[in-house]
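Visitor: Got a minute to walk me through this one? I'd like the sheet, the pockets and anything aromatic.

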Amino acid sequence: MSEAPILSIRGLRKAYGGGTEALKGVDLDIRKGEIFALLGPNGAGKTTLISIVCGIVTASGGEVLVEGKNWERDYRHARTHIGLVPQELTTDAFESVWSTVSFSRGLFGKARDDGKIEEILRRLTLWDKRKSIMMALSGGMKRRVMIAKALSHEPTILFLDEPSAGVDVELRRDMWALVRKLRDDGVTIILTTHYIEEAEEMADRVGVISKGELIAVDEKKALIARMGKKTLKIALAEPMAAVPPALAPWAPGLEDDGRTLCYRFDANAEETGIDGLMKALSDAHIGFKDLSTHQSSLEDIFVELVHGEGARA
């Protein structure tokens, strides 16, 4: 029997006064100990979803269960088990790192525990900065402090809203390593991102949200396998001005000023059409210098789904 989800979202809706629907009946289960990436363009409903689960925004309908308990009726349980790292870096500029994190722990009714605060700061490589005031820190360090604040009350579920926003590539990779370490320590991670590479690099599962609806949820590799396409690129011996009529049944395209013929196919299909295409090239006496294939990335799939070309999960 499979383990019950640590977080279960059922029929979650959010409508605003003007009739705008930010969320349209979202259903989602999060497994204990996974990294789940919620992908979507700006305005898709990512932050609204997180804000409702974390008790910041009131839902118009639906239910959230945190370890089996309703997040409104047992709100103390929900708040205790959920940590949130918001997108905005909002801290008291003149407080020290130690005070900022310690105060956050107290807000959740946790007893003072200097040893736990030290452990969190060390894990986040913030120990040497514990006496520094917030305004003296770099953007990357401030982001780490926000994570430390969210972990101060020892939650089992951590939401990261655009964790890499505003940090450079090197800091982004440090953040990825940090998130993996948190997962290894037993924390369930849900992150929103518009960085496709972030989801592709870190997530165990990926959800795609668009216009308030969850349009796909799957294991990252399974999503790529299920919806991914491959492209066969044929480097031609001589450039073409147009695709010859003999190749029309395969509907290939031309790139690189007519020097490359591109044929898109479903790698999971019984018949890919490649054999027929290569025979047609030979029959038409079209020479080529090289062949290569390109697997669709998560970004390619994301674009297809958001533009309505992919099947709904």
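**A walk through the model**

Visitor: Let's start on the strands. Which residue in E14 is the bridge partner of Leu236?

Guide: Phe288 is the bridge partner of Leu236. Keep in mind that this is a predicted model.

Visitor: How many bridges do E11 and E14 share, and in what sense do they pair?

Guide: Seven bridges, in the antiparallel sense. Strand E11 covers residues 230–236.

Visitor: And what sheet does that belong to?

Guide: An open sheet of four strands, in the order E12-E13-E11-E14. The pairing is antiparallel.

Visitor: Which are the edge strands?

Guide: Strand E12 (253–255) and strand E14 (288–295). Each pairs on one side only. From one strand to the next, the twist averages 25°.

Visitor: What lies across E11, E13 and E14?

Guide: Helix H9, residues 274–283. The helix runs at about 15° to E11. Strand E13, also under the helix's span, is 260–265.

Visitor: Pick me a residue in H9.

Guide: Take Met278, which lies in that helix. Outside its neighbours within four places in sequence, Met278 is in contact with Leu232, Ile234, Phe288 and Leu291.

Visitor: Phe288 again, then. How far apart are the C-alpha atoms of Met278 and Ile234?

Guide: They are separated by 9.8 Å. Along the chain, Met278 and Ile234 are 44 residues apart.

Visitor: Switching to pockets. What volume has the largest one?

Guide: About 370 Å³. Its lining has 15 residues. Nearest its centre are Ile56, Ile82, Gly83, Leu84 and Phe108.

Visitor: Which elements give two or more residues to that lining?

Guide: Helix H2 (75–81), strand E6 (82–85) and helix H5 (139–151).

Visitor: How does the lining of the largest pocket break down by class?

Guide: Nine nonpolar, four polar and two charged residues.

Visitor: And the second largest pocket?

Guide: That one holds about 200 Å³ of space. It is lined by 16 residues. Asn42, Gly43, Ala44, Gly45 and Thr47 lie nearest the centre.

Visitor: What classes line the second largest pocket?

Guide: Three nonpolar, eight polar and five charged residues.

Visitor: Where does the largest share of that lining come from?

Guide: From H1, with three residues. Strand E2 (21–30) and helix H1 (46–53) are the elements that give two or more.

Visitor: Now closed spaces. How many cavities of 30 Å³ or more?

Guide: One. The largest cavity has about 40 Å³ of space.

Visitor: Which residues line the largest cavity?

Guide: Ile9, Leu28, Ile30, Leu38, Leu49, Ile50, Phe159 and Ile190. By class that is eight nonpolar, no polar and no charged. E2 and H1 each supply at least two of the lining residues.

Visitor: So E2 and H1 turn up twice?

Guide: Yes. They contribute to the second largest pocket and to the largest cavity.

Visitor: Last topic, rings. How many aromatic pairs are there?

Guide: Two. In one of them, the rings of Trp98 and Trp127 have their centres 6.1 Å apart.

Visitor: Why is the pair of Trp98 and Trp127 called edge-to-face?

Guide: Because their planes are at 70°, and over 60 degrees counts as edge-to-face.

Visitor: Where do the two sit in the chain?

Guide: Trp98 is in helix H3, residues 97–107. Trp127 is in the loop between helix H4 (114–123) and H5. They are 29 residues apart, and the pair links distant parts of the chain.

Methods: Residues are numbered from 1 along each chain as its sequence is written. This is a predicted model: local features need pLDDT of at least 70, side-chain atom pairs count only at pLDDT 80 or more; totals for chains, interfaces and linings use all residues. Side-chain values use heavy atoms; hydrogens and water are left out. Two strands pair if DSSP finds at least two bridges between them. Axes are lines fitted to C-alpha atoms, for helices over the stretch in contact, and angles run from 0 to 180 degrees between N-to-C directions. Contact means heavy atoms within 4.5 Å. On a 1 Å grid over the protein atoms alone, a cavity is a set of points where a 1.4 Å probe fits but cannot get out, and a pocket is an open set with protein on both sides within 12 Å along at least five of seven lines; lining residues have an atom within 4 Å of a point. Grid points are joined across faces, edges and corners, and a volume is the space filled by probe spheres set on the points. Ala, Val, Leu, Ile, Met, Phe, Trp, Tyr, Cys and Pro count as nonpolar, Asp, Glu, Lys and Arg as charged, and the others, Gly among them, as polar. Rings of Phe, Tyr and Trp (its six-membered ring) pair if their centres lie within 6.5 Å; planes under 30 degrees apart count as stacked, over 60 as edge-to-face and the rest as tilted.
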